[in-house]
Amino acid sequence: MVNASVPDETPKPCSNGSPRASGSYAAILRSSSIVGGAQVINMAVGLVRTKFVAVLIGPAGIGLVGIYLSITTLANTLAGMGIQTSGVRDVAKHHGDGNTEAVAATVITLRRICWLTGVAGAAILAAAAPWISQISFGSDEYTLPIALLGITVFLNNLANGQSAILQGTRRIGDLARVQVLGAIMGTLVSVGLYTWLGMAGIVPALIALSAITLLVSTHYSRKIPLAPVSVTWRQSLVDAGGLLKFGASMVVAGFVGAVATYAIRAILSNQLDLQAVGIYTAAFTLSGMFVKFVLQAMGADFYPRLTAVSNDHAEMGRLINEQTEVGLLLAFPGLLATLALAPWVITLFYTSEFAPAADMLKWFVVGCMARVLSWPLGFSFLAKGQGKLFATTETAFQTFHVFIVIGFIHWIGLVGAAIAFATLYVVHIAVMLLITRQTIGFHWSRSVLNQLTWMVPAAALVFLYDLVLPPVASTAAGTLTTIAATIFCLRHLVTCIGPNHRVTKTLIRLPGASRLVKGALQA
């Protein structure tokens with residue numbers, strides 16, 4: 001024990017139970033806090049947008065938006081050819097090695113290829129619009145809107161290329177600014193179009209949002225200093241072959257994932273109706289609010305860092321455990337609160353028409369909790385360049401997802417789609433642990449397992465409160481459990497980042513939190 005007025009400077013055991021520096025945890029927290037700060041703003045802006053959209057176009061409108069987004073996601077995946085993901089990997093490797101000329105050459109190639117594939121993707125979507133309309137809605141009524149969505153495919157392809165450059169060079173702050181500015185400007189334009197045009201404003205709003213994202217991402221990517229290099233188009237096409245070789249596996253994985261997302265919404269639209277799609281989309285969107293910043297931080301910073309040490313399996317294991325640990329500590333309180341307040345959350349952010357989404361939201365939250373555990377494992381495949389393994393596993397999981405959605409909907413109804421999502425990620429954890437143990441000798445650290453020993457029961461309790469208690473008592477019990485869990489998460493986070501981190505110092509200065517923080521540092 002140490003004096004309460006002078007925090008102990010000795011690093012505390014976190015990831016593997018042995019004393020070690022807290023710098024790595026601080027780096028993870030820094031990237032998560034930057035991305036998280038952007039997501040908090042995005043969340044607030046998004047909730048305002050969601051409320052307006054729910055009032056202006058209702059469940060059917062939101063269902064239509066969900067189907068359109070599934071279509072464009074699928075088209076973007078094909079148009080991107082996996083080049084953005086492989087571009088991040090190449091830029092990150094060259095950037096980590098300090099090879100500025102290779103970075104510049106990769107950036108030039110990436111930008112050129114994104115133009116070519118963007119045009120091709122837009123043309124293909126426009127040509128396939130009648131067929132897609134028939135499959136999605138059972139008629140050709142939506143052919144023209146779907147064809148116009150090709151514009152968003154072109155714009156998104158260019159924007160994704162610019163974001164890949166920012167991500168590869170670890171410009172986390174600029175990535176966050178792109179997200180915030182895009183969200184604010186996109187919301188203003190979207191709400192204006194929905195107010196003016198109603199459901200007819202959906203496609204113009206999606207195009208406007210893509211254009212805004214491209215403008216903002218281009219502005220920040222142009223700020224990156226690049227070495228003066230000369231790259232011919234011929235050389236760019238040759239270099240693109242290397243990007244496409246790794247990207248091909250990403251195309252397969254992304255394509256299957258996009259097809260699965262589209263298929264699920266199409267199944268709901270055909271077997272139920274557009275209102276069911278809207279309810280599903282509403283619950284799914286809200287469930288991901290508190291994990292989005294953690295998952296995006298993994299892609300923005302964790303993936304490039306993991307790529308840099310991909311030849312050292314022990315170091316990869318350490319980084320995966322640390323990312324998992326911090327991800328759980330940051331996401332769990334918000335997920336638990338959503339689980340406890342599901343009916344209130346739906347009513348607050350949508351309208352009474354979306355009430356059935358409350359039961360779905362709880363199951364989606366369970367799936368999101370499992371997602372935080374499984375995602376760091378999947379990044380090991382990308383970091384190692386194991387594209388075929390990544391594509392194979394993703395194809396298997398997404399196929400499994402679609403089949404269990406069909407079965408659960410038939411058996412249980414609409415809520416079965418949410419139960420299928422939770423089932424998917426529970427299975428995903430088990431399989432990914434097995435594969436990563438074989439490929440890099442990975443296993444969860446003692447600290448991660450210790451977290452799970454109390455987090456899993458706490459989540460189960462909050463989930464069950466609603467089944468055994470009246471609504472008011474269930475909400476009260478869930479809220480108290482969430483507060484207790486938040487305290488535990490905060491204490492553990494402080495032991496990981498150490499006494500010198502600005503978060504710890506800030507908490508020490510707070511009257512109520514200072515005793516909590518000092519106690520954690522002395523434990």
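Which residues does Gly-278 touch, not counting residues up to four places away in sequence? Keep that in mind as you open this predicted model, and let's start right there.

**Stop 1: Gly-278**

Select Gly-278, which you will find in helix 9 (residues 274–287). Show its surroundings, and you will see that Gly-278 touches Pro-59, Ile-62, Gly-63 and Phe-354, leaving aside residues up to four places away in sequence. Is Gly-278 buried or exposed? Its relative accessibility is 0%, so Gly-278 counts as buried. Now add Val-65 to your selection: the two C-alpha atoms are 8.4 Å apart, although 213 residues separate Gly-278 and Val-65 along the chain.

**Stop 2: the largest nonpolar core**

Next, select Tyr-68, Ile-146, Phe-332 and Met-360. These are the residues with the most contacts inside the largest nonpolar core, which has 134 residues. Colour helix 13 (residues 357–383) as well, since this helix gives the most to the core, with 16 residues. Then zoom in on Tyr-68. Its neighbours, not counting residues up to four places away in sequence, are Phe-137, Tyr-142, Pro-145, Ile-146, Leu-149, Ile-202, Val-203 and Leu-206.

**Stop 3: helix 13 against helix 16**

Keep helix 13 coloured and add helix 16 (residues 446–468). Their axes lie 11 Å apart, and the packing angle is about 170 degrees. Helix 13 is therefore roughly antiparallel to helix 16. To view the contact, show Lys-362, Trp-363, Val-366, Met-369 and Leu-373 from helix 13, together with Leu-452, Ala-459, Phe-463 and Asp-466 from helix 16. Sorted by class, the residues of this contact are seven nonpolar, no polar and two charged.

**Stop 4: helix 11 against helix 16**

Leave helix 16 in view and bring in helix 11 (residues 313–340). How do these two helices run, roughly parallel or roughly antiparallel? Their axes come within 11 Å and cross at roughly 10 degrees. That angle makes helix 11 roughly parallel to helix 16. Among the residues on the helix 11 side are Asn-321, Glu-325, Leu-328 and Phe-332, and they face a group in helix 16 that includes Gln-451, Trp-454, Met-455 and Phe-463. By class, this contact of helix 11 with helix 16 has 14 nonpolar, four polar and one charged residues. You have already met Phe-332, one of the residues with the most contacts inside the largest nonpolar core.

**Stop 5: two cysteines**

Finish by selecting Cys-368 and Cys-489. Cys-368 has 1% relative accessibility, so it counts as buried. Cys-489, at 2%, counts as buried too. If you look for disulfides, the structure holds zero.

How values were computed
Residues numbered from 1 in each chain as written. Predicted model: local features only at pLDDT ≥ 70, side-chain atom pairs only at ≥ 80, totals over all residues. Heavy atoms only, no water. Axes fitted to C-alpha atoms, helices over the stretch in contact; angles between N-to-C directions. Helix = DSSP H or I, 4+ residues; strand = E, 2+ residues; numbered from the N terminus. Parallel < 35°, antiparallel > 145°, perpendicular 65-115°, else oblique. Contact = heavy atoms within 4.5 Å. Nonpolar A, V, L, I, M, F, W, Y, C, P; charged D, E, K, R; others polar. Core = buried A, V, L, I, M, F, W, Y, C linked by side-chain atoms within 4.5 Å. Buried < 20%, exposed > 50% of the residue type's maximum accessible area, 1.4 Å probe, protein only. Disulfide = S-S within 2.5 Å.
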